[in-house]
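User: I am new to this structure and should be grateful for a close look at one part of it. Please concentrate on the aromatic contacts and their surroundings, and then place them in the wider chain.

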Amino acid sequence: MPSFRAPRGTYDILPDEQPYWSFALKTAAETAKRFGYGRIDTPMFEPTDLFERGVGDATDIVQKEMYTFEDHGGDSLTLRPEGTAGVCRAYIEHGLHNQPQPVRMHYIGPYFRYERPQAGRFRQLRQFGVEAIGDGSPNVDVEVIELGWSYIRSLNINGTSLRINSIGDSECRPAYLDALREYYRGHIDEVCDDDRQRFESAPLRLLDCKRTQCQGIGDAAPKSTDFLCDACDAHWASVIALLDGLKDTYPDLDYSIDHRLVRGLDYYTRTVFEIEPENAAGQSTLLGGGRYDGLIEEIGGPPTPGIGFALGLDRIISEVKSREGFVPPESGPDVVIVHLGDEAGLRASALAAGLRDDGLGVLVAPVGRSMRAQMRYSNSMNARYALIIGDREIESAEGALRPLRDNGEQEAVALNVQALAKALRGD
RNA sequence: GUGGGCGUAGUGUAGUGGUUAACACGUCAGGUUGUGGCCCUGAAGAUCGAGGGUUCGAUCCCCUCCGCUCACCCCA
């Protein structure tokens with residue numbers, strides 16, 4: 001047994017898996033570009049306070065999922081469990097409010113949460129996220145949702161569904177929470193133990209409980225959208241109207257309003273949304289996000305609205321695989337140089353350097369193997385050609401270039417970079 | 001943190017209370033004179049997850065631990 005293994009909840013992405021990641025990452029970058037979201041990279045760790053204040057003390061993330069450590073200087077740092085807080089910190093730190101608003105940014109990278117791993121859930125997870133900061137209009141909400149939807153469609157993942165809700169803001173939420181508490185007070189004996197805990201600490205999350213015994217109670221609970229203040233209500237109505245406008249482009253964007261969708265992070269205001277795959281089983285959320293109009297101020301910046309989403313790339317990749325939405329392209333070097341003898345070995349190495357410098361993919365067959373073995377190697381590498389160099393070829397200064405992927409004729413080509421490059425590129 | 005399932009070569013699997021633990025794929029080598037794919041032959045590769053117990057004897061039975069996995073919680 002190997003003495004070391006990848007830490008629990010992490011995994012290696014071996015070369016054969018990389019095409020799927022390249023596809024997802026490249027598509028993410030292209031999608032972000034189409035929408036005008038420039039890339040931002042922030043540190044993988046931040047001051048612990050940033051997450052405690054930004055994400056919220058009462059959240060599961062802060063309470064039990066953070067990788068927190070003290071560095072040698074005595075500062076408490078935390079491996080980032082999510083992306084929004086760091087991006088907002090950067091927005092404040094670099095005075096991005098002086099740029100045209102909203103500032104649109106996207107990010108791709110790893111995040112860390114100490115959780116029990118399970119299908120689609122890891123301790124190191126990779127996310128593609130976007131943030132639009134500095135514009136509170138509902139148009140931006142829908143733009144962000146459109147971006148996420150477009151991305152998923154670009155990956156040929158069909159059948160996804162969008163759920164959306166509005167949880168109000170600091171103006172109207174207190175009244176809603178009062179109503180919610182009052183309602184649950186009448187059912188406190190019927191809900192699960194966890195919910196009794198949440199009753200005081202995080203009443204919104206009562207709605208989110210998946211236990212069957214709590215389902216009916218949650219369904220009949222007061223709805224946040226019935227308590228919205230005028231400003232939030234107008235915003236919410238606009239979001240829905242704008243969302244309907246996307247149906248011309250995306251006929252299958254059949255969103256549903258889910259009054260029990262509240263999200264688990266404290267910073268959300270107004271619009272919250274999630275996208276799930278077709279056969280949504282439990283915690284398979286592909287994308288989740290919402291508006292966070294109070295966050296920037298909470299972590300020390302001026303009052304600034306913002307909205308964004310994060311998408312789980314690990315889950316996206318498994319969707320891509322399960323749906324055959326992507327076929328890895330055929331790969332392999334242009335040529336493997338098969339060489340016999342010391343002299344040929346030297347020539348092979350020199351020619352390989354020249355051809356690579358010319359832009360071609362070149363492998364030199366492993367040293368010390370028989371010609372048959374080298375040819376087998378060339379084949380298993382899925383090379384387009386084998387270039388054979390032995391005593392005869394050195395003498396004549398012409399190598400034998402043999403096509404491997406099709407049944408073309410083997411031909412003699414002068415042993416210099418120019419002639420070989422020309423032949424390898426197909427005249 | 002709480003439950004269920006599972007731990008046998010690199011990978012995927014078989015197997016039995018008793019001698020050298022099997023098969024496929026993969027890897028490496030060979031199939032006469034310098035030529036791949038298919039085929040054939042051979043080799044390397046496993047302290048049968050770890051520790052303890054029952055037994056004359058355990059990979060197999062029992063216990064503990066560890067690991068993987070699925071689910072709950074929650075999220076991406």
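Analyst: The account below begins with one aromatic pair and then moves outward to the helices, the loops and the domains. The model is a predicted one.

A search of the whole structure finds twelve aromatic pairs. One of them is formed by tyrosine 20 and phenylalanine 326, whose ring centres are 5.6 Å apart and whose planes stand at 75°. Planes over 60 degrees apart count as edge-to-face, and the pair of tyrosine 20 and phenylalanine 326 is therefore edge-to-face. A pair of aromatic rings is described in this way, by the distance of the centres and the angle of the planes.

The pair links distant parts of the chain, since 306 residues separate its two members. Tyrosine 20 belongs to helix H1, which covers residues 18–34. Phenylalanine 326, by contrast, is located in the loop that runs between helix H11 (313–322) and strand E12 (335–339). Tyrosine 20 and phenylalanine 326 are both buried. Together with Phe23, the residues Tyr20 and Phe326 make up one aromatic cluster.

The two helices named above also pack against each other. The axes of H1 and H11 are 10 Å apart, and the packing angle is about 115°. H1 is thus roughly perpendicular to H11, and the crossing of H1 and H11 is right-handed.

The loop that follows H1 leads to strand E1 (38–39) and contains glycine 36. Is glycine 36 buried, exposed or partly exposed? Glycine 36 is partly exposed, because its relative accessible area is 46%. Its C-alpha atom is separated by 22 Å from that of isoleucine 275, a residue 239 positions away along the chain.

Aromatic rings also take part in contacts with charged side chains. Arginine 123 lies over the face of tyrosine 114, at 4.0 Å from the ring centre. In a second case, the charged end of arginine 126 sits over the ring of tyrosine 11, with 5.4 Å to the ring's centre.

Some backbone features deserve separate mention. Most residues other than glycine have a negative phi, and most peptide bonds are trans. The bond between glutamine 101 and proline 102 is a cis peptide bond, with omega at about 0°. Proline 102 is situated in the loop between helix H4 (84–93) and strand E5 (103–112). Asparagine 156 is not a glycine, yet has a positive phi of about 65°. Its place is the loop between helix H5 (138–154) and strand E7 (161–166), and with a relative accessibility of 41% asparagine 156 counts as partly exposed. Alanine 397 likewise has a positive phi, near 65°. Alanine 397 lies in the loop between helix H14 (391–396) and strand E15 (398–403), and its relative accessibility of 40% makes it partly exposed.

It remains to place these parts in the whole. Chain A is divided into domain 1 (15–172 + 228–322) and domain 2 (335–424). The C-alpha centres of domain 1 and domain 2 are 50 Å apart. A further helix packing involves helix H12 (residues 342–357) and helix H15 (residues 417–424), at an angle of about 60° and with axes 10 Å apart. H12 and H15 are therefore oblique to each other, and H12 passes H15 in a right-handed crossing.

Technical notes
Residues numbered from 1 in each chain as written. Chains lettered and ligands numbered in written order. Predicted model: local features only at pLDDT ≥ 70, side-chain atom pairs only at ≥ 80, totals over all residues. Heavy atoms only, no water. Domains from an automatic or database assignment. Phe/Tyr/Trp six-rings, centres within 6.5 Å; stacked < 30°, edge-to-face > 60°. Helix = DSSP H or I, 4+ residues; strand = E, 2+ residues; numbered from the N terminus. Buried < 20%, exposed > 50% of the residue type's maximum accessible area, 1.4 Å probe, protein only. Lys NZ or Arg CZ within 6 Å of the ring centre and 35° of its normal. Axes fitted to C-alpha atoms, helices over the stretch in contact; angles between N-to-C directions. Parallel < 35°, antiparallel > 145°, perpendicular 65-115°, else oblique. Left-handed = near helix turned anticlockwise from the far one by under 90°.
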